[in-house]
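Visitor: Hello, I am new here and would like a close look at one part. Could you take me through the surroundings of the bound molecule, and then on to the rest of the chain?

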Amino acid sequence: MKNIKKSFGEVKAVKDGNFNLRKGEIHSLIGENGAGKSTMMKLLYGMYDIDAGAITINDEIVRNLNPKLAIEKGIGMVHQEFMLVDDLTVLENIILGFEPQRGLKIDFTKAKENVQQYIDQYGMDIQLHKKINQISVGEAQRVEIIKVLTRGANIIILDEPTAVLTPQEAKSLFKILDKLREDGKSIVFISHKLDEVMEISDRISVMRQGEYIGSVDKKDTSPRELAKMMIGREVFLNIKKKYTETGEVLLKVNDLWTSGEKEISKIRGISLEVKRGEIVGVAGIDGNGQSEFIESLVGLRKVERGQVLLENKDITNLNPKQVRQAGVTYIPEDRNTRGLNRELSIAENLIATNVDSKFSKGVILNTNKMKEYADRLAEKFDIRPRDTKIAASALSGGNAQKIVVAREVEDGGKLLIASQPTRGVDIGAIESIRSIIQEVKAKGLGVLLISADLEEVMSLSDRIVVMHEGKITGEMSADEANEENLGLLMMGGKELGEKGEDVQ
Ligand SMILES: Nc1ncnc2c1ncn2[C@@H]1O[C@H](COP(=O)(O)OP(=O)(O)OP(=O)(O)O)[C@@H](O)[C@H]1O
Ligand SMILES: [Mg+2]
């Protein structure tokens, strides 16, 4: 891809994009939120037309790319936001649009045989008969990869594939990527996690604000150099923990029980406290009830037994609005389903929790006031682009996340529940979101932090509790915590490696 330009209206998403990919390499594409990474790769996949520049595949200049032509040219893309159809089975999703026919009917036997071949070849754990809404995110991603492979891809683009994966799932993805590379496939890997980039890549290219900055060989570079290329300055990820005096108990959870999406994610008797001025981190392998627990606190899942008290006031089973009014703000783990309305503007999303109080008179929305507020937040939280009238769907992943963080933090409240607050955001923004969370604590609020990222839990929390199969298997101060003792508790106190996996 040479001297690529692409604008969306006023927004110059790619000003001078350059990218070249060799056969049989894993090539990472990195850069800050909004740098143009997804756009570059969507152009390669033919989802948009380029405004200028040239795309050459196997020495042939390809004009007027569209996804169909891209697939014919051997390009496959796994998007940042998955594109699977929930109500269909895994198999139906994989063959969608490319169904083998037998007479007028779909030949499912043939389809299954074909797909199974790929699954076996790459040793993937996929259950073809399940519906998409019954499988884990990690499995959904393997489904996306198989889908791309069955369409004959030689170039496989993975847009932030690990953002939604646990460390264990990421490891198993990397094994698959290694095999694909051995088979001569070329892989584009987009990620904000520099340690992963350093682990998996052969080469790394960097973009900043729509421009190509450069490419380096993995063996010749370091995370520090990469961070500097991305941001244009030094970044300090290990921010200093602020110690504040903790106050009285703010949140108290007593012997809480709820149903679970799965057997292992049922909540079975959780008790926990968060004090004012304290960050309590919840560590655990995704799917061990963290989501269910949080949902039950914020009124999205019924508490079957037990109590939730905020400042000694019973808030058990209040509805989400009442919970919010009681003083709980909430950064949900999935910004797209819970955190944002993608059709609405940045401004509308920023005021969404306050529409009927601060920003309206009767049924009339005070648009000036809304704009003023939104512009101030966009500035403060560095949401790019600054134009708050544009739809949330037009934002890059990390900037969309910043809207949610900005809204919830500005909402005040007494307790902030932050679930995966830095998912999908770049290292500069991680730095700023983490210090925002520290400020929230310094103001005397309590924070309940849930993160699949152990490093994040350890660097922010004052106290850490570990969840396993819907129970708390241990608690320690952040000073006592390390990857080993947390990892052990995350596996339910069993010896490491018992399940055939490492714990990070
Ligand atoms: N369909 C669209 N309409 C309008 N603007 C868009 C559209 N797609 C992307 N943009 C804008 O183009 C710029 C680059 O976005 P892109 O999604 O390529 O960033 P990115 O590098 O993938 O960021 P992230 O790491 O946050 O995913 C952003 O400013 C974004 O808001
Ligand atoms: Mg992106």
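Visitor: How far is an oxygen atom of ligand 1 from an N or O atom in the side chain of His192?

Guide: That distance is 2.9 Å. Before we go on, please keep in mind that this is a predicted model, where local features need pLDDT of at least 70 and side-chain atom pairs count only at pLDDT 80 or more, while totals for chains, interfaces and linings use all residues. Residues are numbered from 1 along each chain as its sequence is written, chains are lettered from A and ligands numbered from 1 in the order in which they are written, and side-chain values use heavy atoms, with hydrogens and water left out.

His192 has company around ligand 1. A side-chain N or O atom of Ser38 lies 2.8 Å from an oxygen atom of the ligand, and a polar backbone atom of Gly34 is likewise 2.8 Å from an oxygen atom of ligand 1. These are polar contacts, meaning pairs of N or O atoms within 3.5 Å; within protein, one atom must be able to donate a hydrogen and the other to accept it, and residues adjacent in sequence count only if both atoms are side-chain atoms. On its own, ligand 1 has 640 Å² of accessible area, and the protein covers 87% of that. Such areas come from the Shrake-Rupley method with a 1.4 Å probe, and for residues only the protein chains shown count as cover.

Now for the shell itself. There are 21 residues around ligand 1, and those that come nearest are Gly34, Lys37, Ser38, Thr39 and Ser396; a residue is near the molecule if one of its heavy atoms lies within 4 Å of it. By type, the shell holds eight nonpolar, ten polar and three charged residues. Here Ala, Val, Leu, Ile, Met, Phe, Trp, Tyr, Cys and Pro count as nonpolar, Asp, Glu, Lys and Arg as charged, and the others, Gly among them, as polar.

Which elements do they come from? At least two shell residues each are supplied by β2 (11-17), α1 (37-44) and α14 (397-410), and α1 gives the largest share, three residues. These labels are DSSP runs, with helices (H or I) of at least four residues and strands (E) of at least two, numbered from the N terminus.

The shell also brings two domains together: domain 1 (2-231) and domain 3 (340-411) each contribute at least three residues. The full assignment adds domain 2 (236-327 + 413-504), with bounds taken from an automatic or database domain assignment. Domain 2 meets domain 3 too: 14 residues of domain 2 are in contact with eleven residues of domain 3, contact meaning heavy atoms within 4.5 Å. The C-alpha centres of domain 2 and domain 3 lie 26 Å apart.

Let us stay with domain 3 and look at the loop between α13 (367-380) and α14, where Pro385 lies. The peptide bond from Arg384 to Pro385 is cis, its omega being near -5 degrees. Asp382 has its place in that loop as well, and although Asp382 is not a glycine, its phi is positive, at about 55 degrees. With a relative accessible area of 26%, Asp382 is partly exposed; buried means under 20%, exposed over 50%, and partly exposed in between, with a 1.4 Å probe and protein chains only.

To finish, here is helix α8 (residues 223-231), whose buried residues are Leu226, Ala227, Met229, Met230 and Ile231. Their cover includes β3 (26-31), α7 (194-200), β12 (203-208), β13 (211-217) and α15 (427-442). Ile204 sits in one of these, strand β12, and is buried with a relative accessible area of 0%. Leaving out residues up to four places away in sequence, Ile204 touches several others, among them His27, Ile30, Val197, Val216 and Leu226. The C-alpha atoms of Ile204 and Val188 are separated by 9.5 Å, with their positions 16 residues apart along the chain. Just after α8 comes Gly232, which takes a positive phi of about 85 degrees.
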